[in-house]
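Hi,

Here is the structure I said I'd pass along. Have a look at it first, and my notes follow underneath.

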Amino acid sequence: MLPCQRHLFDIPEDVAYLNCAYMSPLMKPALEAAAAGLARKAHPWDITPDKFFTGADEFRAIAAQIVNCSAEDIAIVPSASYGIAAAARNLPLKKGQSILVLEEQFPSNYYPWQRRAEETGASLKIVPWPSDSDKDHDWTAAVLNSLTADVAIAALPHVHWTSGGRLDLVRIGEACRKLGAALVLDLTQSLGALPFSVREVQPDFAVAASYKWLLGPYSVGLLYVAPKWQEGIPLEENWIQRGNARDFSSLILYSENYDAGARRFDMGERSNFALLPVAVRAMKQLLEWDVAQISETTGALNRQLANAAAELGFSSPPDDLRAPHYLCLRRTNGIPREFPEILAREKVFVSVRGSSIRVTPHVYNSPTDAERLIACLRQTASVFG
Ligand SMILES: Cc1ncc(COP(=O)(O)O)c(C=O)c1O
């Protein structure tokens, strides 16, 4: 378990920020990296051509440590939707086949598949919310049940974003390989807070936006591309993906070849001098804390919250079926939409997503933050009816 790391963040004492799944705060060292990164543009003569490559490769190397793969397998993308779109463009799909998604899946991992299904005559197959009494909350069992011969692509998260349910991706990965189905992952609500390993899960593509659990900036993300898809077609044809890009004077000697590994999938202007160092600094800190420890620390706080909330009539998935860092609380009568605003007046911050109050702490939270949320839940019992 990690001691509270609030000293590394600029979070006032009277703010109980329990909303990392919405957007993480930048830690102070990352903010310093941001200031230094932005300041580089004041002296462009110092941004020599090699810097277009070294910063990006540093990002790749550190991202590869987070997901446990080779740095060559990492592309730099602006968003989860961009990474999913790259996967959708490259994975084969035929009329009559299906793409597996979860009920209430996040739109960035839904719309690209809906479009692809329309284009090919394939269909979307939606894994229903697991509500059978024995298997309540068990998304892994629900996915395994739905993995039938028609499934060509399983497009899934590690954590279901409105229930907090955790998927056993190792078992799902095995089942996909047995079936010959591709596995595409949106790890935005888990990477950095829940241990994940490409080597164990063996996805075809996996993407994560960095502004949540990777504690990074908005509009930077990482995309893992399995070696077998690295000859694929990128979404953009930009100059820096090409084999001749290091020689700035010869860019108009147009090259047929792409740069090595997953680099062809990099977004345009991927050498973002202001933001990449921020993402790198944040990921370094995550590795220093250790993702397993982050999971344990946030998990302990959420267990305390789940138990106290249960006494007030809120239910949540059992500990063994939900992600430790991600607690979704439900009530029989539902949750009023205005609930987050009521709490925000007390400077307690959570979200409502679907029918749940979503509570997502990080290592900057203290037991006092949890106590303040519980006090608010108790006081606002009247709004729940
Ligand atoms: C599960 C999940 N995926 C992705 C995103 C962000 O998507 P994008 O990077 O396409 O904006 C979010 C944001 O809330 C999310 O909850």
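A residue counts as exposed here if its relative accessible area is over 50%, as buried if under 20%, and as partly exposed in between. Tyr218, at 54%, is therefore exposed. One caveat before the rest: this is a predicted model.

Tyr218 turns up twice. Together with Tyr22 and Met23, Tyr218 makes a nonpolar surface patch of about 340 Å². Tyr22 sits in the loop between β1 (16-17) and α1 (28-39) and, with a relative accessible area of 44%, is partly exposed. Tyr218 also pairs edge-to-face with Tyr211, at 4.6 Å centre to centre and 70 degrees between the planes. Tyr211 has a relative accessibility of 18%, so that ring's residue counts as buried.

Tyr211 brings us to the ligand, since the residues surrounding the ligand include Tyr211, Phe106, Trp161 and Asp186. As for polar contacts, a side-chain atom of Ser108 is 2.7 Å from a ligand oxygen. A polar backbone atom of Ser81 lies 2.9 Å from an oxygen of the ligand, and for Lys212 a side-chain N or O atom is 2.9 Å from a ligand oxygen. On its own the ligand has 400 Å² of accessible area, and the protein covers 88% of that.

Back to the rings: how many aromatic pairs does the structure hold? There are 13. One of them is Tyr110 with Tyr111, edge-to-face at 5.9 Å and 75 degrees; Tyr110 is partly exposed at 23%, while Tyr111 is exposed at 51%. Elsewhere, ring pairs link Phe52, Trp239, Phe248 and Phe273 into a cluster.

Cheers

Key: Residues are numbered from 1 along each chain as its sequence is written. This is a predicted model: local features need pLDDT of at least 70, side-chain atom pairs count only at pLDDT 80 or more; totals for chains, interfaces and linings use all residues. Side-chain values use heavy atoms; hydrogens and water are left out. Patches are made of residues with over 30% relative accessible area and no salt bridge: like charges are joined within 9 Å, nonpolar side chains (Val, Leu, Ile, Met, Phe, Trp, Tyr) within 5 Å. Accessible areas come from the Shrake-Rupley method with a 1.4 Å probe; for residues, only the protein chains shown count as cover. A salt bridge is a side-chain nitrogen of Lys or Arg within 4 Å of a carboxyl oxygen of Asp or Glu. Helices (H or I, at least four residues) and strands (E, at least two) are DSSP runs, numbered from the N terminus. Buried means under 20% relative accessible area, exposed over 50%, partly exposed in between (1.4 Å probe, protein chains only). A residue is near a molecule or strand if one of its heavy atoms lies within 4 Å of it. A polar contact is a pair of N or O atoms within 3.5 Å; within protein, one must be able to donate a hydrogen and the other to accept it, and residues adjacent in sequence count only if both atoms are side-chain atoms. Rings of Phe, Tyr and Trp (its six-membered ring) pair if their centres lie within 6.5 Å; planes under 30 degrees apart count as stacked, over 60 as edge-to-face and the rest as tilted.
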